[in-house]
Amino acid sequence: MSNTSIDTPPGATPAGQIAVSPNNPCPFLRALVANGYVGGDVVSLSQLSEIVGDASGQTGFGKKKVRMATWMVAVIANGLGPGRVFKSATSGAVLDRLRNGPLDKHGGGSRILDAEARVNDEQIDRLASFGKDCKDPAGGIEIGLTAKEIETFMAANIKRDGDAARWYFPILMKGEWPVLLKILGKGEGEARYLSVAEVRTLFVERRLPERITARLPKPASR
Ligand code: HEM
């Protein structure tokens, strides 16, 4: 399987980016850490949920809902024991220690990132194979996945995982690709789609499109 680290050697960090621990397996959080929007270690749940709320582009009650959902995910991300959940709630989530935590599906997801957080190109191609030609509101046609294709993709991931897939994986997955579609998607309603090119950039270059970063406060830790 070939791995990609853009034009830098495997494991290297492109100029201007902050190194992200391989133990952070979330492509969205990896981009936030790499570009200094949040620290790579302990991040308070209020800071984390605020930044995800900003990234969503929602305001008012919509933003509150995104913030709450992020808080709920992050509070259990480092462990389910009562002591750990309390620690996450009060001190924050430890983003460089998410691997092997309750949210880690150990290969039950897209498998785009391996256990060392290297990108598997073939798995991005596989994701693209679930997509179709989508009309970019900014002009042109590109390969993308609408909510419907994302459902099919996630179901195929569970099937591929076979007996290793746990009953709650589909629930965890609802907070991943469909939420990415909400934040990163182009177009409205049923036609809203996740651009495969932008997913590639997110995983490979740990970068969010400018229209998303424009919603975020200037990174503090750069
Ligand atoms: C709204 C914000 C978020 C978005 C859009 C998002 C999106 C994603 C996506 C697309 C994946 C990849 C799944 C795959 O490869 O199949 C993922 C994985 C993951 N995310 Fe996030 N995520 C968000 C917030 C969070 C938060 C707040 C945490 C915890 C603090 C988190 C922890 C994880 C973990 C542990 C995985 C690995 C799951 C696995 O490989 O099985 N994510 N996320």
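## The ligand and its surroundings

A polar side-chain atom of Trp177 sits 2.9 Å from an oxygen atom of the ligand. This value, like the others in this report, comes from a predicted model. Two backbone contacts can be set beside that of Trp177. An oxygen atom of the ligand lies 2.6 Å from a backbone N or O atom of Lys105. A polar backbone atom of Ser110 is likewise found 2.6 Å from an oxygen atom of the ligand.

There are 20 residues around the ligand, and Cys26, Val52, Lys105, Ser110 and Trp177 come nearest. Three helices, α1, α3 (60-76) and α8 (177-184), each supply at least two residues of the shell. Helix α8 gives the most, with 4 residues. The ligand takes up the space of the largest pocket.

## The iron atom

Which protein residue provides a donor to the iron atom of the ligand? The single donor from the protein is the SG atom of Cys26, at 2.3 Å. Cys26 belongs to the loop between β1 (3-4) and α1 (27-34).

## Two residues of helix α6

Helix α6 covers residues 147-161, and Asn157 is part of it. Asn157 has a relative accessible area of 1% and is therefore buried, since buried means under 20%. Apart from residues up to four places away in sequence, Asn157 touches Gly108, Gly109, Ser110, Arg126 and Met173. One of these, Ser110, is also among the residues that come nearest to the ligand.

Asp161 lies in helix α6 as well. Is Asp161 buried or exposed? With a relative accessible area of 10%, Asp161 is buried. When neighbours within four places in sequence are left aside, Asp161 is in contact with Lys105, His106, Gly107, Gly108, Arg111 and Phe169. Lys105 in this list has a backbone atom 2.6 Å from an oxygen atom of the ligand. Pro27 is 134 residues from Asp161 along the chain, and the C-alpha atoms of these two residues are separated by 20 Å.

## The loop between β3 and β4

The loop between β3 (93-94) and β4 (119-120) contains His106. The phi angle of His106 is near 45°, a positive value in a residue other than glycine. His106 has a relative accessibility of 52%, so His106 counts as exposed, the limit being over 50%. His106 is one of the residues in contact with Asp161 of helix α6.

Ala117 is found in the loop between β3 and β4 too. Its phi is near 65°, again a positive value in a residue other than glycine. Ala117 has a relative accessible area of 12% and is buried. The loop thus holds an exposed residue, His106, and a buried one, Ala117.

## A buried serine in helix α4

Where does Ser88 lie? Ser88 is part of helix α4, which covers residues 82-90. Its relative accessible area is 0%, so Ser88 is buried. Beyond its neighbours within four places in sequence, Ser88 is in contact with Leu45, Ala74, Val75, Asn78 and Ala93.

## Strand β6 and helix α9

Glu142 is found in strand β6, which covers residues 141-146. Why does Glu142 count as buried? The reason is that its relative accessible area is 16%, and buried means under 20%. Setting aside neighbours within four places in sequence, Glu142 is in contact with eight residues named here in order: Lys132, Asp133, Cys134, Asp136, Lys186, Tyr193, Ser195 and Ala197. With Ser195, the contact includes a polar one of 3.0 Å between the two side chains. Glu142 and Tyr193 are 51 residues apart in sequence, and their C-alpha atoms are 9.9 Å apart in space.

Helix α9 covers residues 196-205, and its buried residues are Val196, Glu198, Val199, Leu202, Phe203 and Val204. Just after this helix comes Arg206, with a positive phi of about 50°.

How values were computed. Residues are numbered from 1 along each chain as its sequence is written. This is a predicted model: local features need pLDDT of at least 70, side-chain atom pairs count only at pLDDT 80 or more; totals for chains, interfaces and linings use all residues. Side-chain values use heavy atoms; hydrogens and water are left out. Buried means under 20% relative accessible area, exposed over 50%, partly exposed in between (1.4 Å probe, protein chains only). Contact means heavy atoms within 4.5 Å. Donors are N, O and S atoms within 2.8 Å of the metal (3.2 Å for Na, K and Ca); water is not among the atoms, so sites may look incomplete. A residue is near a molecule or strand if one of its heavy atoms lies within 4 Å of it. A polar contact is a pair of N or O atoms within 3.5 Å; within protein, one must be able to donate a hydrogen and the other to accept it, and residues adjacent in sequence count only if both atoms are side-chain atoms. On a 1 Å grid over the protein atoms alone, a cavity is a set of points where a 1.4 Å probe fits but cannot get out, and a pocket is an open set with protein on both sides within 12 Å along at least five of seven lines; lining residues have an atom within 4 Å of a point. A molecule sits in a cavity or pocket if more than half of its atoms lie within 2 Å of its grid points.
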